[in-house]
Amino acid sequence: MRTLWMALCALARLWPGAQAGCAEAGRCCPGRDPACFARGWRLDRVYGTCFCDQACRLTGDCCFDYDRACPARPCFVGEWSSWSGCADQCKPTTRVRRRSVQQEPQNGGAPCPPLEERAGCLEYSTPQGQNCGHSYVPAFITTSAFNKERTRQATSPHWSTHTEDAGYCMEFKTESLTPHCALENRPLTRWMQYLREGYTVCVDCQPPAMNSVSLRCSGDGLDSDGNQTLHWQAIGNPRCQGTWKKVRRVDQCSCPAVHSFIFI
């Protein structure tokens with residue numbers, strides 16, 4: 001069979017116009033276009049009508065030179081924009097960042113990745129600068145990686161622009177959590193998968209989550225005796241929530257990264 005194919009190719013070179021194809025016909029069409037065809041050898045080694053539209057990849061009837069005439073071009077996107085502010089103040093909500101398409105995919109090239117990402121956030125100050133963190137009983141938490149992104153300077157006017165409190169770390173032993181935490185697979189909420197019952201976790205209390213007057217984070221459980229069941233909720237998925245009990249307060253968190261979180 002291979003010998004016959006080589007013989008046919010040699011014959012085609014001697015037969016003017018026998019190879020033809022997409023390049024000679026000047027055809028290269030997006031999507032499915034039955035009118036986008038030429039004459040020549042097909043990739044499945046059949047001579048006759050061959051196609052130059054993107055759908056020929058699926059049907060297997062592309063012209064032999066389709067790849068050369070219609071090279072695949074992947075999607076290219078720009079850099080992420082900066083994170084927006086929280087969509088609302090004084091309640092768990094979301095922030096967003098976006099990126100734009102710089103080149104659309106062509107001829108079966110790699111599709112565009114997600115152009116928008118959302119993550120949970122919470123601001124403890126009203127537009128008038130009033131602190132509203134005291135109204136939260138459960139602890140709102142997110143991944144410790146968020147600490148690298150948010151500004152260290154709190155929005156409350158009580159905070160000095162030159163000084164910052166050192167903060168503190170609370171250790172908790174998780175008692176229960178909803179199954180929704182394990183189902184999270186979005187890039188910015190995947191950290192919820194590492195929440196486990198019976199594990200000790202570290203939660204960092206740092207400005208701006210820290211109340212400027214009490215120098216504490218809402219829901220830190222500092223006043224509990226260790227037997228009290230406390231509630232927490234993950235920012236970014238309100239259905240991911242559970243309970244834990246206070247273990248101790250320490251100056252610095254020392255849990256593994258996957259079990260390290262921050263009050264927000």
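Q: Buried means under 20% relative accessible area and exposed means over 50%, with partly exposed in between; why is Cys-253 called partly exposed?
A: In this predicted model, Cys-253 has a relative accessible area of 30%. That value is neither under 20% nor over 50%, so Cys-253 falls in the partly exposed class.

Q: What makes Cys-169 and Cys-253 a disulfide?
A: The sulfur atoms of Cys-169 and Cys-253 are 2.0 Å apart, and because the cut-off for a disulfide is a sulfur pair within 2.5 Å, the pair qualifies. The link of Cys-169 and Cys-253 is right-handed, with 105 degrees about the S-S bond. This pair links distant parts of the chain, since Cys-169 is in strand β8 and Cys-253 is in the loop between β11 (241–250) and β12, 84 residues apart. Cys-169, at 0% relative accessibility, counts as buried, whereas its partner Cys-253 is partly exposed.

Q: Why is the disulfide of Cys-202 and Cys-255 called right-handed?
A: The torsion about the S-S bond of Cys-202 and Cys-255 is about 70 degrees, so the disulfide is right-handed. This pair, too, links distant parts of the chain, with Cys-202 in strand β9 and Cys-255 in the loop between β11 and β12, 53 residues apart. The sulfur atoms of Cys-202 and Cys-255 are 2.0 Å apart, and both Cys-202 and Cys-255 are buried.

Q: How do you know that Cys-29 is buried?
A: Cys-29 has a relative accessible area of 12%, which is under 20%, and therefore Cys-29 counts as buried. Cys-36 counts as buried as well, at 0% relative accessibility. Cys-29 and Cys-36 are joined by a disulfide with an S to S distance of 2.1 Å, and this link is right-handed, with 85 degrees about the S-S bond. By the sulfur distance rule, the count of disulfides comes to 10.

Q: Why is Asp-220 called buried?
A: Asp-220 has a relative accessibility of 2%, and because the cut-off for buried is under 20%, Asp-220 belongs to that class. The place of Asp-220 is in the loop between β9 and β10. Not counting residues up to four places away in sequence, Asp-220 touches Tyr-168, Met-170, Phe-172 and Phe-263.

Q: What makes the pair of side chains of Asp-220 and Tyr-168 a polar contact?
A: The distance given for the side chains of Asp-220 and Tyr-168 is 2.6 Å, and a polar contact needs a pair of N or O atoms within 3.5 Å, so this pair meets the distance limit. In addition, the backbone nitrogen of Leu-222 lies 3.1 Å from a polar atom of the Asp-220 side chain.

Q: Which residues have the most contacts inside the largest nonpolar core?
A: The largest nonpolar core has 22 residues, and those with the most contacts inside it are Ile-141, Phe-172, Leu-195, Val-203, Trp-232, Trp-244 and Phe-263. At least two residues of this core come from each of β7 (139–143), β8 (168–177), β9 (200–205), β10 (230–234) and β12 (260–263). A second, separate core has 12 residues, including Ala-38, Phe-51, Cys-52 and Tyr-66.

Q: Why is Thr-93 called buried?
A: Thr-93 has a relative accessible area of 16%, which is under 20%, and so Thr-93 counts as buried. Thr-93 is in strand β4 (residues 93–98). Leaving aside neighbours within four places in sequence, its contacts include Cys-86, Ala-119, Cys-121 and Ile-235. The C-alpha atoms of Thr-93 and Asn-237 are 9.5 Å apart in space, although the two residues are 144 residues apart in sequence.

Q: What does pLDDT come to for the protein chain, and how many of its residues score at least 70?
A: The protein chain averages a pLDDT of 81, and 78% of the residues score at least 70. The pLDDT stays under 50 over residues 11–17, for which the model has 6 contacts beyond four places in sequence. Over residues 151–163 the pLDDT also stays under 50, and there the model has 22 contacts beyond four places in sequence.

Terms used. Residues numbered from 1 in each chain as written. Predicted model: local features only at pLDDT ≥ 70, side-chain atom pairs only at ≥ 80, totals over all residues. Heavy atoms only, no water. Helix = DSSP H or I, 4+ residues; strand = E, 2+ residues; numbered from the N terminus. Buried < 20%, exposed > 50% of the residue type's maximum accessible area, 1.4 Å probe, protein only. Contact = heavy atoms within 4.5 Å. Core = buried A, V, L, I, M, F, W, Y, C linked by side-chain atoms within 4.5 Å. Polar contact = N/O pair within 3.5 Å; in protein donor to acceptor, adjacent residues only side chain to side chain. pLDDT = per-residue confidence, 0-100.
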